[in-house]
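Please find below a short note on the structure under review. The points are numbered for ease of reply.

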Amino acid sequence: MKTINDYLDKYPDSFCPRPFQEMVLWYDRTVKICCVEEVMPNREEVAPNFDISETYRSSPRMQKVRETFLKGKWPKECARCKREEDRGTVSLRSMTSKPRKHKFYNRIIPSIEGSENIKLPMRVEFRVGNACNMKCRMCFPLVSSLLANEFIDNLEEIREEEWAWASGEYNLGAGSLEIENKPHWLEYNKKSLNWIEDSSIDNYMNELENNLDMLEHISENGLYLEWGIIGGEPTVTPAFFNMMEKLSKYEFKKYLILKITTNALVLNDKLMTQFSNVGRVPINISIDAPGKVHEYIRGIPQGSFEKIHNNYKKYRDMTATKIESETGKTTTTIISTVSILSIFSVPDLLDFYEENDFFIRSKVSFQFVENMDLNPYHLPFEMRQEISKKILNRLDQIKMEPTIDNGMISEPHNLRAMMTDLCKKYEDYPERYKKQAEGKMHPLKAFVARTKTLDKIRKQSIHSIDTYGYFNQIINYANKI
Ligand code: SF4
């Protein structure tokens, strides 16, 4: 019988272990294979609400995805990972399958129906709702309550704009640009602020508590149950506080890694105490640019960036004590999203990270935004070449030598490959980006138009962050398309 490790060896460039033991509870209360899956499943086929039961795990849809992987092929759901790997960068698949190639996988037989050796998925990602305290320009109203409110409050103005119709990604959902549907979306936003139902959490937690032996056995092999917690923003989501309260009463928390993704704007003392009680709590923090650029992109007041930096230090020190001493690994990861809005500040961001020891005390990771209007692949060729060169030069200057006792240091993950790939000619673009460029509205025109609308609504100006004059050039360029 072949194990997961055998398949990872046989198909290193396509096999993904995630669908065999992991799942994501999505914002709309459905279940996804993983957070970057591209095809939204037919609602009939998925569990309606917080269902990670066997019924879902062995559903025809899940079986088909697993079967495709077992044949060494890419399921259509996994187009994003394939695209990222084709461009030579790291995908969620490669990021998770390689380090997870663990002796534990030698014991899992990846059958089509499911994994035979584990009764429960070992990794569950909870998208705990859309409650959020930021309104990031690359984010979506379905995921941020503040963006949803902004969309609903300014619907009359937004629906007049060509960009709003050119791509549906900044709408609330089908039909949300129609005035008569406004009450429905107001109601939706209230409900999705806090969607995890108590009884569902109880069922799942009880199931885990009844399988303590299995969890203990697995942990002896160095593998832990892992919950990824993502909002909205978990630290402002009441359901998440409930979850933590409940968790404190269960024994299985000994075998749990609680991975929190946060924007770090709020650091709540109660939550810090709850985290300490769980033990293993690595933190992912999103930072896109230093100072006022980050504040502009994320729609937060002046001075917020300093707060975020201070909270990062507190998180880092809290988590460092437990996990780093156990495993020697860093426990805070900084995730920086590179978009048209942030790319020109990346050299300054690298300065900031270097001056403040981020490379030594945390893992620093970069990823491209995929939004049609913010994707840096749509910038003029010469501009892409110029900024890539600046970033690569800056990367070369960063001293990558460990300077503190534990000797940790991390090369900014992915950035080098991303910058090299960004200089591709249009003919060599992934199909998805070509389609974006040939769509109803050119992405750069949409960028300029949407920025103008949001600047007006938020009383901001893109010119306030145009330190190097690039945005002026982009506006002139877009006007000529
Ligand atoms: S290949 Fe990528 S999209 Fe597919 S399940 Fe794995 S991580 Fe998710």
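The points below concern a predicted model and take up its sheet, its ligand shell and one helical residue in turn.

1. The sheet. Eight strands make up an open sheet of mixed pairing, and their order is β2-β1-β3-β4-β5-β6-β7-β8. The edge positions are held by β2 (31-32) and β8 (363-368). Each of these has a single partner strand, so one side of each lacks a neighbour in the sheet.

2. The pairing of β6 and β7. Within the stated order, β6 is followed by β7. Strand β6 spans residues 283-286 and strand β7 residues 332-338; the two run in the parallel sense and are joined over four bridges. As for individual partners, S286 is bridged to I335 in β7.

3. The ligand shell. The ligand is surrounded by 14 residues, of which C16, C34, C78, C81 and R93 come nearest. Two or more residues of the shell are contributed by each of the elements α2 (18-21), α5 (79-86) and α6 (92-97). The composition by class is eight nonpolar, five charged and one polar residue.

4. Residue N476. Is this residue buried or exposed? N476 lies in helix α23, which covers residues 470-480. The residue has 10 other C-beta atoms within 10 Å; because a count of 12 or fewer is the criterion for exposure, N476 is classed as exposed. Between the C-alpha atoms of N476 and V448 the separation is 9.7 Å, while 28 residues separate the two along the chain.

Conventions: Residues numbered from 1 in each chain as written. Predicted model: local features only at pLDDT ≥ 70, side-chain atom pairs only at ≥ 80, totals over all residues. Buried ≥ 20, exposed ≤ 12 C-beta atoms within 10 Å, placed from the backbone. Near = placed C-beta within 6 Å. Nonpolar A, V, L, I, M, F, W, Y, C, P; charged D, E, K, R; others polar. Pairing = 2+ DSSP bridges.
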